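Here's a quick briefing to read with the model open beside you. It goes topic by topic, so feel free to skip around.

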Amino acid sequence: MEKRDPLEAILATGMMVAFMALVGVVMLSVITRFFLPFIVFSWTEETSRFLFVWAVALGAPCALKRGEFVSVDFLIRRFPEKAARGFQAAFSFITGGFFLVVFWYSLQFARLGLLQMSPTMRIPMVFAYASMVVVSFFLALYAFRQGVLVFRKRSDAR
Amino acid sequence: MMALLLFLSFVVLLLLGFPVAFSLGVSSLFYLLVKGIPLSIIPQKMYSGIDSFVLLCIPAFIVAGNLMNTAGITRRIINFSNAIVGHIRGGLALANVAASMIFAGISGTALADTASIGAILIPAMKEEGYDADFSAAVTASSSTVGPIIPPSVPMIIVGTLTGLSVTRLFLAGAIPGVILGFSLMAITYYLSVKRNYPKEERLSLRAVFRTFLDASWALGMVVLILVGILGGIFTPTEASVVAVVYALLVGTLVYRELKPGDIPRIVVESVRMTTSVMVLVGLARLFAWIITTERIPQLVAQGDSEHFYQSLCGYPPH
C-alpha cells in the first residue's frame, strides 16, 4: 500500500478544477455564439488556453509519479535487473537535474511576463508563464523522489 | 558535432529506456549548451508548444470516452450493434466492428475506441468461444476507423499544422471510413465462417427497436457531434468539449449510471494520462526549433549533402 500523497492530491485537484473550468468556458462560448449571437465573448479562447496550460502543468508531475510517461523499453528489459535499476535511478536523477535547469530559466521566463500583457484579457502574461515554473519544479521534485526510491530499493536488496 | 550530437544523444537515451519526452529535452539541452544558446529558450518553446487551443481536444476526447464507459453509453452502443448484426455468423465480432464505427462518430482517437469497446467486448467474445488473439485483433483493427470517420484528432492536428480546412478533411474521411468499416466486417465474417465462430440469437424486430430506443441518447451523441461540426455550429475542438458535457448530462440525468462521486476520479485519471503527452509536445517544439535553425529539412530536401554534413558535424567534409 502506498502512502497517501497530499501534494499529489492538491496538484490533481488543481488540474481537475482547471480542466472543468476550461469545459465551462468553451461551452459558454459555444452556447452564446449559437443562441445569443449578439453577445460576443472575446476572452474565451485565450482563457481556455491558459486553463489548459495550467491543467497540463499541474497534471504532468502526477503523471511522472505514476510512471505514465511513454518510453521505449524493449532494450532495457533485456538488461540484468540490477543494471536496469541502476539506469532507472540514473535516469530519474538526470530528469530531475534537467527540470531543475528548466526551473531556473522558467523563473526568468516568467519574469518577462510581468511586463507583457495578454492580447485580449489584458492580464500580465506572468499568470500563464508561471505554469512553466510550477511544472518544472514539481517534475524535478518527483523525478528526484523516484530516483531516491529506486536507489533505496537497491540497497535494501543487498 | 552539432546536430549529430542532438540526434545521437536522443536516440541513445531513447533506446536505453529514457522516457521519450525527456529524451527530447535532455538531448536539446546538450545541444544548447554546446552551441552556447541561452537556455531560457527551453521554457519559452515548451510553453508555446503546449499553449494551443487545438490540443485541448485530446484530453477532452479521452475524458468524454471514459465518462461514456461509466455512464453506460458505450454498453448501449454495443447492445444496439449486437442487435443488428449479432445473428450473423461471428455476431459479436461484427458487433465489435459496428460499435467501433458508431463510436468513431463520437470520439476522435483510435485509442479511446479500443479501450472502451475492448474492455467490454473482448471478455464477452472470449467467453463465447472466440480466440483471444482474434478478439483482440478485431477490436484493435476496427478501432482504426475512429480517426478516419469524423471527428478525428489526427485530422484536427494536421489541419492546424498545414492550414487545411478541418471540416473538409472530416468530410473526406467519412466515406473511406465507412468503406473501411464494411470491409473489416466482410473479412471478419469470412474468418468467422471458416473458424465456425458462434452467432447470437436473432432478435425480433420489436426487440431490436427496443435496443435502438435504449441507445437513442447514445446515438444522438453521434448526430449532435457530426451536425455540430459539419453545420459549423462548433469547431472540431469544441466538439470534444461538447461531448464531455453531453456524456455528463446523459450519464447523470438520463441513464443515471454515472454517480456524481465518480466524476472527479474519471476526470483526474483521463486528464493526467494526457498531460504526459502534452509535455512531450512542448519539448518536441524545442527539438523541432533546433532542427529548423540548423536548416536540416531544407538541406535534406535540396539534397545538399555538403552543407548537410557540415550542419550535422559542425565542419565541412575535407
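One cut-off first: a residue is buried under 20% relative accessible area, exposed over 50%, and partly exposed in between. That's why A:E45, with a relative accessible area of 34%, goes down as partly exposed. Keep in mind that this is a predicted model. Below, chain B gets the overall view, and chain A gets the close-ups of charged pairs and a greasy patch.

**Chain B overall**

- Chain B is a helical affair, with 15 helices and 0 strands.
- Along the principal axes, its C-alpha atoms fill a box of roughly 80 × 45 × 35 Å.
- Of the 318 residues in chain B, 53% are buried.
- The accessible surface of chain B adds up to about 13600 Å², and carbon and sulfur atoms account for 67% of that.
- If you take the contacts in chain B between residues at least 6 apart in sequence, 74% of them join residues at least 24 apart.
- Chain B carries 19 positive and 16 negative charges, and the mean positions of the two sets are 5 Å apart.

**A covered helix in chain B**

- Helix 3 of chain B (residues 41–50) is mostly covered, with 8 of its 10 residues buried.
- The buried residues there are B:I41, B:I42, B:P43, B:K45, B:M46, B:Y47, B:G49 and B:I50.

**Salt bridges: the long-range pair**

- Side chains of opposite charge can pair when their charged atoms come close.
- Over all chains, the count of salt bridges comes to 15.
- One of them joins A:E8 and A:K65, at 2.9 Å from N to O. This pair links distant parts of the chain: A:E8 sits in helix 1 (residues 6–35) of chain A and A:K65 in helix 2 (residues 44–65) of chain A, 57 residues apart.
- Are the two partners buried or exposed? A:E8 has a relative accessible area of 9%, so it counts as buried, and A:K65 is buried too, at 16%.

**Salt bridges: pairs within a helix**

- A:R49 and A:E45 form a salt bridge, their closest N and O atoms lying 3.1 Å apart. The two are separated by about one helical turn because they are 4 residues apart in helix 2 of chain A.
- A:R49 is buried, at 15% relative accessible area, while A:E45 is partly exposed, at 34%.
- A:E81 and A:R85 meet in a salt bridge as well, at 2.6 Å from N to O. Both lie in helix 3 (residues 81–112) of chain A, 4 residues apart, or about one turn of the helix.
- A:E81 is exposed, with a relative accessible area of 58%, whereas A:R85 counts as buried, at 19%.
- Elsewhere, salt bridges that share partners tie A:D5, A:E8, A:K65 and A:R66 into one network.

**A nonpolar patch on chain A**

- Which residues form the nonpolar patch on the surface? They are A:L28, A:I31, A:F34, A:F35, A:L36, A:F38, A:I39, A:F41 and A:W43.
- Together, these residues have about 830 Å² of accessible area.
- A:F38, one of the patch members, lies in the loop between helix 1 and helix 2 of chain A.
- A:F38 has a relative accessible area of 66%, so it counts as exposed.

Key. Residues are numbered from 1 along each chain as its sequence is written. Chains are lettered from A and ligands numbered from 1 in the order in which they are written. This is a predicted model: local features need pLDDT of at least 70, side-chain atom pairs count only at pLDDT 80 or more; totals for chains, interfaces and linings use all residues. Side-chain values use heavy atoms; hydrogens and water are left out. Buried means under 20% relative accessible area, exposed over 50%, partly exposed in between (1.4 Å probe, protein chains only). Contact means heavy atoms within 4.5 Å. Accessible areas come from the Shrake-Rupley method with a 1.4 Å probe; for residues, only the protein chains shown count as cover. Lys and Arg count as positive and Asp and Glu as negative; His and the chain ends are not counted. The place of a charge is taken as NZ of Lys, CZ of Arg, CG of Asp or CD of Glu. A salt bridge is a side-chain nitrogen of Lys or Arg within 4 Å of a carboxyl oxygen of Asp or Glu. Patches are made of residues with over 30% relative accessible area and no salt bridge: like charges are joined within 9 Å, nonpolar side chains (Val, Leu, Ile, Met, Phe, Trp, Tyr) within 5 Å.
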